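I opened this entry to keep track of what I looked up, and in what order. The structure goes in first.

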Amino acid sequence: EVYMEIPESMRDKYDPSKYVCDLQKSIYGLKTAGRNWNKCFDKYMESKGYRRCRSDPCVYMHHQRDVIVCVYVDDVVCTAAREKDGYTFLQGLRARFGIKEMGELDFVLGISVTKIGKDLIMSQEAYAKRILIEYKMQNCKGVTTPMAPSVKLTKDEEGPGVDQEKYRSIIGKIAYLATCTRPDLAYTVSKLSRYLNDPKRSHMLAVEYALRYIKRTLHYGLRFTNAGTDMKMYVDADHAGCLDTRRSTSGCLIIFGGNLIHWRSKRQTIAVKSSAIAEYVALSEGLDELLWMRNLFLELDVKLGSSMVYEDNTACIRIAENPILSQKTKAVDLHFHYCRDHLQRGIYMLEYIPTDQQLA
């Protein structure tokens, strides 16, 4: 139960020292409001024949009408194979919730969506400009890389400290860019996020360098074309790249029909002795993303064959393909070996690719 003080407009009738309001419905601002809204919306969608995806509870699909609905809190994006089915959905939503229809999608969650022919371009140029203006970097000189190649970041415990709130704020804003439309910033965000607890001057200089890169690449974004349904993934790792913990950083890219749809850069949870094992751990972590993406697409009735996974370490490929015990694999946790099981089941195929062609 949730109680509320008597509103000012009712205090002439009810003494606030004796009475409180017992809320019968959730109101905006309560911790439970979002959850209650989600339950209400989910109940409505089920009543209309839509099924919530298990892989992503924010995605609904009506299999008979070929309508897909994506929900983020109270922002709803709808796509339909036939225009009348999309109109029917919006009409019902308007009657039930009194929504404000924005027309054809051109802007959502800070992301600009532009249609050129049959292609879609997603970018966050306006959002990036606001970041530069907020931190007075709009007139800075741009650079060509997100991090200076010669800089090796560490904890720098002896270095002078900086404003932690400002540092975290900038990283949070750049992270949103990297998550939505800027995969080129993923490694930089992963690297700089390791020093959120105690940022130093050297870390802030690296952040300012990243902002200079954003200044030069404001127009960067993602382009989506209709070029097939093949799914492939690139995985890679830098062995012991973190100078503080000597852990490796995993990177993966998932491409569907020639379109980049998922990317990730993250420091591994364990330190390993060889580059082959670091690559094997990266393969295992990347496979988590690939399997989740495949399950989501299968729920959306997209037919998929075996996915190609590209790896530039031959020793890693041998470990995945051959169920043998060697001195090199003794220290690998058993839960990483499930990528070998999926390989044997034909869920994906592992192929060598030269390092200079490795996109991850």
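My notes on confidence, one helix, two loop residues and the aromatic rings follow.

**Confidence.** I am working with a predicted model. I looked up the mean pLDDT of the protein and found 90, with 97% of the residues at 70 or more. I then went through the elements: helix α9 (residues 338–344) has the lowest mean pLDDT, 85, and α6 the highest, 96.

**Helix α6.** I turned to α6 next, which covers residues 201–216 and has 16 residues. From its first C-alpha to its last I read 23 Å, close to the 22 Å expected at 1.5 Å a residue. Which residues of α6 are buried? I listed H203, M204, A206, V207, Y209, A210, L211, Y213 and I214. I also noted what these buried residues pack against, namely α3 (125–134), α4 (164–180) and α5 (186–192).

**Positive phi.** I checked for non-glycine residues with a positive phi and wrote down D66, at about 55°. D66 sits in the loop that runs between β4 (59–62) and β5 (67–72). Its relative accessibility is 35%, so I entered D66 as partly exposed. I also wrote down L109, not a glycine either, with a positive phi of about 55°. I placed L109 in the loop between β7 (107–108) and β8 (111–116). Buried or exposed would both be wrong for L109, because its relative accessibility of 34% lies between the 20% and 50% cut-offs and counts as partly exposed.

**Aromatic pairs.** How many aromatic pairs does the structure hold? I have 10 in the list. I took up Y234 and Y310, whose ring centres are 4.9 Å apart with the planes at 25°. I recorded this pair as stacked, because the angle is under 30 degrees. Y234 belongs to strand β11 (residues 231–238) and Y310 to strand β14 (residues 307–311), so I noted a link between distant parts of the chain, 76 residues apart. I found both Y234 and Y310 buried.

I then looked at F256 and F297, with ring centres 4.6 Å apart and planes at 70°. That angle is over 60, so I put the pair down as edge-to-face. F256 is in strand β12 (residues 249–256) and F297 in helix α7 (residues 275–299), so the pair ties together parts 41 residues apart in sequence. F256 and F297 are both buried.

My last entry is an aromatic cluster formed by W37, F41, Y44, Y60 and F97.

Key
Residues numbered from 1 in each chain as written. Predicted model: local features only at pLDDT ≥ 70, side-chain atom pairs only at ≥ 80, totals over all residues. Heavy atoms only, no water. Helix = DSSP H or I, 4+ residues; strand = E, 2+ residues; numbered from the N terminus. Expected span 1.5 Å × (residues − 1). Buried < 20%, exposed > 50% of the residue type's maximum accessible area, 1.4 Å probe, protein only. Contact = heavy atoms within 4.5 Å. pLDDT = per-residue confidence, 0-100. Phe/Tyr/Trp six-rings, centres within 6.5 Å; stacked < 30°, edge-to-face > 60°.
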